[in-house]
Structures are given as structure tokens and as C-alpha cells.
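Visitor: I am in my first year and would like a close look at a single part of this protein model, namely its charged side chains and the way they pair. Could you take me through them slowly, with the terms explained as they come up?

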Amino acid sequence: LFVIYLEDTVPTVLGELKIPGFSSSLHMVNAPHMIGVGRDADPETGTERGLQFSLFDVSDELNPRQAAVLVVADRGSDSEALEDAKAFQFWSAAV
């Protein structure tokens with residue numbers, strides 16, 4: 001996950017977060033939080049494991065973090081949300 005500053009003529013990477021696995025899509029929760037939908041992976045081999053939902057916090061732009069993670073299924077599982085971002089919906093409780 002990269003935090004990129006776009007207000008200058010040259011984009012600048014402010015922060016970077018490396019985690020095992022990947023997110024196929026990111027969905028805004030509020031200004032500093034996003035939900036990532038993707039796969040967990042073994043950090044040593046890169047072997048994909050289960051379906052993974054991550055909550056990312058970028059309130060500190062220089063040090064983004066994974067605030068929470070949930071692996072919900074085993075390696076053989078699949079989800080439409082991995083291929084189509086519109087297959088995942090989120091409604092914030094805050095109005």
C-alpha cells in the first residue's frame with residue numbers, strides 16, 4: 001500500500017506498507033480508512049492462502065498501517081469481489 005501526495009506537479013510517495021498477500025480492490029470507509037479485499041499469502045513462499053479483508057489506516061501518511069485483518073476462508077475459496085470491485089459493498093454506520 002502506498003500513500004502518494006498528488007498536489008504537486010510531481011507525485012511523491014509519502015508512506016509505504018508491506019504486508020503478506022495483496023488487495024485486489026480498495027474501498028473507502030472514511031477519510032483515513034480503507035477496506036482491502038484480496039488474498040492472504042505466506043510471507044516466505046508467496047503461496048496464496050485464504051480470502052482476506054484488511055482495514056488500512058492512513059491517518060499517519062508517512063506510516064500507513066494495517067489496523068485489522070480477517071482471513072475468512074481457505075486457499076481454495078473464491079469471491080466475485082476479487083475480480084469485480086462492484087461485487088463488494090460497504091455502508092458506513094456514520095452518516
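Guide: What follows is a walk through the salt bridges, with a short look at a nonpolar patch and a pair of strands at the end. The model is a predicted one, in which local features need pLDDT of at least 70 and side-chain atom pairs count only at pLDDT 80 or more, while totals for chains, interfaces and linings use all residues. Residues are numbered from 1 along each chain as its sequence is written, and side-chain values use heavy atoms, with hydrogens and water left out.

Side chains of opposite charge can pair when their charged atoms come close. A salt bridge here is a side-chain nitrogen of Lys or Arg within 4 Å of a carboxyl oxygen of Asp or Glu, and the structure holds five of them. To describe their surroundings we call a residue buried under 20% relative accessible area, exposed over 50%, and partly exposed in between, using a 1.4 Å probe and protein chains only.

Glu16 and Lys18 form one salt bridge, with 3.9 Å from N to O; Glu16 is partly exposed at 43% relative accessible area, whereas Lys18 is exposed at 72%. Asp42 is joined to Arg49 by a salt bridge whose closest N and O atoms are 3.9 Å apart, and here Asp42 is partly exposed at 23%, as Arg49 is at 34%. In the salt bridge between Asp57 and Arg65 the closest N and O atoms are 3.4 Å apart; Arg65 is partly exposed at 44%, but Asp57, with a relative accessibility of 8%, is buried. Through salt bridges that share partners, Asp40, Asp42 and Arg49 belong to one network.

Now to side chains without charge. Phe2, Ile4, Leu6 and Val13 make up a nonpolar patch on the surface, with about 420 Å² of accessible area together. Such patches take residues with over 30% relative accessible area and no salt bridge, joining nonpolar side chains (Val, Leu, Ile, Met, Phe, Trp, Tyr) within 5 Å and like charges within 9 Å, and the areas come from the Shrake-Rupley method with a 1.4 Å probe. Phe2 is exposed at 52% and lies in strand β1, residues 2–5, a strand being a DSSP run (E) of at least two residues.

Last come two paired strands, where pairing requires at least two DSSP bridges. Strands β3 (residues 22–30) and β4 (residues 33–41) run antiparallel and are joined by seven bridges, with two residues between them in a hairpin.

Key
Helix = DSSP H or I, 4+ residues; strand = E, 2+ residues; numbered from the N terminus.
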